[in-house]
Amino acid sequence: MQQWVAEIAYDTRSGPKKVTESYYMPTADDVRDLIVKNGGYPLSIRPHERSPLERLLARSSWWQVQLLRGIQFRSTATSPGVALWRIIQAETNPMRQNILAPAREALARGLGVIDALKALRIFDHGTLAILGASEKANKLQEGIPHAIHSIVQKRKNTRAIAATMSWLAIDVLMIVQSLIWGRSMVLGWFRDNAPNDPEEFENYIRVVDNLALTWDVLIFIALAQGAFMVWVVISYWINKGKTDWPTARIVRKIPLIGAYLRDLGFADSMMAAARMLRGHVPINDALKQSSEATTVPEVSQFWTDSSKDLERGVLLGVALDRKPLSHSERLELASLSDLTQVATILESIAEMRSAAAKTKHSLIVWVAFGLTGVFLAIAFGSAIFALTVMNMSLDGMMGGLLDGAM
């Protein structure tokens, strides 16, 4: 499903009239068929593209929270779908109207509120999983506060990581800037003021070359790391809402970060599954919905494989007893004897995974501090070493002057 913008010509009593309308349909051919069916003549059909400002507003966690709160407050007297429709109809800001257009089209075609929220492409998979699980259990109004809490918590984690990385990046940038600016001047001065003694000159040049190599390596590492971080941030921003793409696969291969994302994926999907089971959603449907609750393929595959085993007649505890769950988690699931215990165990695992993710989050920050400290220590150490090279040059110059005087 995708939003399309079409320019259409209609025959009227006053002559041809051109209008622009938006549609939420699978393909451009479907849009063209619908226009012809309604008596119009399609002039052009193009995929809807948001402007950078619209994209920034749509992916703002503040605006996401406000939208969910609006649905929650209005759904006390009506259904969530009608509540979302009224929010869209009451919106007067053209930019927000454009952002909400896919949801309006989805609701107009008879789709549910969760499908309409998915059409917006502004919520992450964890938030949609919480909302989808609550909607399947007919308790969407109760699930919205949990979704808001998830958004706020992820915003806090993102801000903490961003603040730490920004601070460290400024420190590294200042050092690299000093190395780049001082490299040609300092190394040029060293080479122009080499000792006159042949033996000292050979040793001196070797030291200067090693110093130049050290500074070149530090500058290259810093620039490469900075370029990689900028690329990752831009890629995640552009591909937000997608399940998988090359940058995400590269990031998941980083040992500590990959484990952190896997813990978050299990925490979101386990909590979504537990919420559906408590709402008496069929187990097969709960497992399939949980596989869509995360962007981590490893976690999604866990739920998919478990669902397939369950369909083959395997007991639920045995079906869930598989990697990448830990040994203690697998033992807890394998010991299931009553289906009423499933939701409780899944909630317990979700809480443990969430706690593990917080621990890894703190560890990532401290590792970043440590690696930056090592980089700064090498940079400062090389600068101090440069002073010793300068002393070698000055000593050589003084020795040459004294020899000439004698």
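Reader: Why does the distance between the end C-alpha atoms of helix 11 agree with its 24 residues?

Author: Helix 11 covers residues 255-278, and because each residue should add 1.5 Å, its 24 residues should span 34 Å, which agrees with the 35 Å between its end C-alpha atoms. The expected span here is 1.5 Å times one less than the number of residues, and helices (H or I, at least four residues) and strands (E, at least two) are DSSP runs numbered from the N terminus. This is a predicted model, in which local features need pLDDT of at least 70 and side-chain atom pairs count only at pLDDT 80 or more, while totals for chains, interfaces and linings use all residues. Residues are numbered from 1 along each chain as its sequence is written, and side-chain values use heavy atoms, with hydrogens and water left out.

Reader: What does H280 do just after helix 11?

Author: H280, just after that helix, takes a positive phi of about 65 degrees.

Reader: How many helices and strands are there in the protein?

Author: The protein has 16 helices and 3 strands, and of its 406 residues 40% are buried, where buried means under 20% relative accessible area, exposed over 50%, and partly exposed in between, with a 1.4 Å probe and protein chains only.

Reader: Now Q72, is that buried or exposed?

Author: Q72, which sits in helix 3 (residues 61-74), is buried, because its relative accessible area is 18%.

Reader: And which residues does Q72 touch?

Author: Leaving aside residues up to four places away in sequence, Q72 touches Q141, I144, P145 and I148, a contact being heavy atoms within 4.5 Å. Across the protein, among contacts with a separation of 6 or more, 61% join residues 24 or more positions apart.

Reader: Changing topic, how many aromatic pairs are there?

Author: The count is 3 aromatic pairs, where rings of Phe, Tyr and Trp (its six-membered ring) pair if their centres lie within 6.5 Å, and planes under 30 degrees apart count as stacked, over 60 as edge-to-face and the rest as tilted. One of them joins F302 and W303, an edge-to-face pair with 5.2 Å centre to centre and 80 degrees between the planes.

Reader: Which cluster do F302 and W303 belong to?

Author: Ring pairs link F302 and W303 with F266 into a cluster. F302 counts as buried because its relative accessibility is 1%, and W303 is buried too, with a relative accessible area of 0%.
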